[in-house]
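Thank you all for making the time this morning. I would like to walk through one model with you, going from the overall picture to a few individual residues.

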Amino acid sequence: MAELEVGQHCGVPDCRQLDFLPFVCDGCSGVFCLQHRSRDAHGCSEVNIRNNSVKPDLHRSYPCSYKDCSEKELLPVLCPYCEKHFCLRHRHQSDHECEKLETPKPRMAATQQLVQQIIGKYRGIYFLFLIFSSEHS
């Protein structure tokens, strides 16, 4: 009978356990069983490299660009249109009076004008019909 090729073996040489739900280390990209999933348990070679990576600047803040607003955010809140930083209160285009805000064009005005023209045309035809039918009855 043929064996199914399901799961993967643990990457620790002394273990090599077949695991059907193996873990992948985000440091060394190795495949490990439940027992060896932590970096310490499998002696990850990337532990020191990852710990010495660039640490985020904890004191960085992003001031709001809106006039007379003194709020600051810990994460950047950029307007995708004018590309300025804003606080959460002023993050939407309409809230910070974005220079690139497009005002919606009144589409209904043209439609209303067209409807009035059509109604006016048929109203005139209807009155002619009434006059014509009253003369011939």
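**Overall picture**

Of the 137 residues in this protein, 19% are buried, and I should say at once that what you are looking at is a predicted model. The secondary structure consists of three helices and six strands, and if you follow the chain along its sequence you meet them in the pattern β-β-β-β-α-α-β-β-α. If we take the contacts between residues at least 6 apart in sequence, 8% of them join residues at least 24 apart. The protein exposes about 12,000 Å², and carbon and sulfur atoms account for 55% of that area.

Let me turn to the interior. Which residues make up the largest nonpolar core? There are eight of them, namely Cys64, Tyr66, Cys69, Cys79, Cys82, Phe86, Cys87 and Cys98. Apart from that one lies another core, of six residues, which include Cys25, Phe32, Cys33 and Cys44. As for pairs of aromatic rings, the structure holds zero.

I will begin with the part of the chain around the eight-residue core. Cysteine 69, a member of that core, touches Cys64, Cys87 and His90, if we do not count residues up to four places away in sequence.

Histidine 96 is placed in the loop between strand 6, residues 72-73, and helix 3, residues 107-135. Is histidine 96 buried or exposed? Its relative accessibility is 6%, so histidine 96 counts as buried. Not counting residues up to four places away in sequence, histidine 96 touches Tyr66, Cys79, Cys82, Phe86, His90 and Arg91, and Tyr66, Cys79, Cys82 and Phe86 are among the members of the eight-residue core. There is also a polar partner to point out, since a polar atom of the histidine 96 side chain lies 2.9 Å from the backbone oxygen of histidine 92.

Glutamine 93 lies in the loop between strand 6 and helix 3 as well, and with a relative accessible area of 17%, which is under the 20% cut-off, glutamine 93 is buried. Leaving aside neighbours within four places in sequence, glutamine 93 is in contact with Cys79, Tyr81, Cys98, Lys100 and Leu101, and of these Cys79 and Cys98 belong to the eight-residue core.

**Two positive phi angles**

Those of you who look at backbone torsions may want to note two residues here. Glutamate 97, in the loop between strand 6 and helix 3, has a positive phi of about 50 degrees although it is not a glycine, and at 52% relative accessibility glutamate 97 counts as exposed. Aspartate 68, in the loop between strand 5, residues 62-63, and strand 6, is also a residue other than glycine with a positive phi, in this case near 60 degrees. Aspartate 68 is exposed, with a relative accessible area of 84%.

**The earlier part of the chain**

Now let me move towards lower residue numbers. Where does cysteine 10 lie? Its place is in the loop between strand 1, residues 8-9, and strand 2, residues 18-19, and its relative accessible area is 0%, so cysteine 10 is buried. Once neighbours within four places in sequence are left aside, cysteine 10 is in contact with Cys15, Arg16, Gln17, Val31, Phe32, Cys33 and His36. The C-alpha atoms of cysteine 10 and glutamine 35 are separated by 9.3 Å, with their positions 25 residues apart along the chain.

Cysteine 44, which we met in the six-residue core, lies in the loop between helix 1 and helix 2, the latter covering residues 47-51. Cysteine 44 is buried, with a relative accessible area of 9%, and, leaving aside its neighbours within four places in sequence, it is in contact with Cys25, Gly27, Cys28 and Arg39. From cysteine 44 to aspartate 26 the C-alpha to C-alpha distance is 9.8 Å, and the two are 18 residues apart in sequence.

I will finish with phenylalanine 23. Arginine 37 lies over the face of phenylalanine 23, at 5.6 Å from the ring centre. Serine 38, found in the loop between strand 4, residues 31-32, and helix 1, residues 39-42, has its C-alpha atom 9.1 Å from that of phenylalanine 23, the two being 15 residues apart along the chain. With a relative accessible area of 36%, serine 38 is partly exposed.

Methods:
Residues numbered from 1 in each chain as written. Predicted model: local features only at pLDDT ≥ 70, side-chain atom pairs only at ≥ 80, totals over all residues. Heavy atoms only, no water. Helix = DSSP H or I, 4+ residues; strand = E, 2+ residues; numbered from the N terminus. Buried < 20%, exposed > 50% of the residue type's maximum accessible area, 1.4 Å probe, protein only. Polar contact = N/O pair within 3.5 Å; in protein donor to acceptor, adjacent residues only side chain to side chain. Contact = heavy atoms within 4.5 Å. Phe/Tyr/Trp six-rings, centres within 6.5 Å; stacked < 30°, edge-to-face > 60°. Lys NZ or Arg CZ within 6 Å of the ring centre and 35° of its normal. Core = buried A, V, L, I, M, F, W, Y, C linked by side-chain atoms within 4.5 Å. Areas by Shrake-Rupley, 256 points an atom, 1.4 Å probe, with all protein chains shown as cover.
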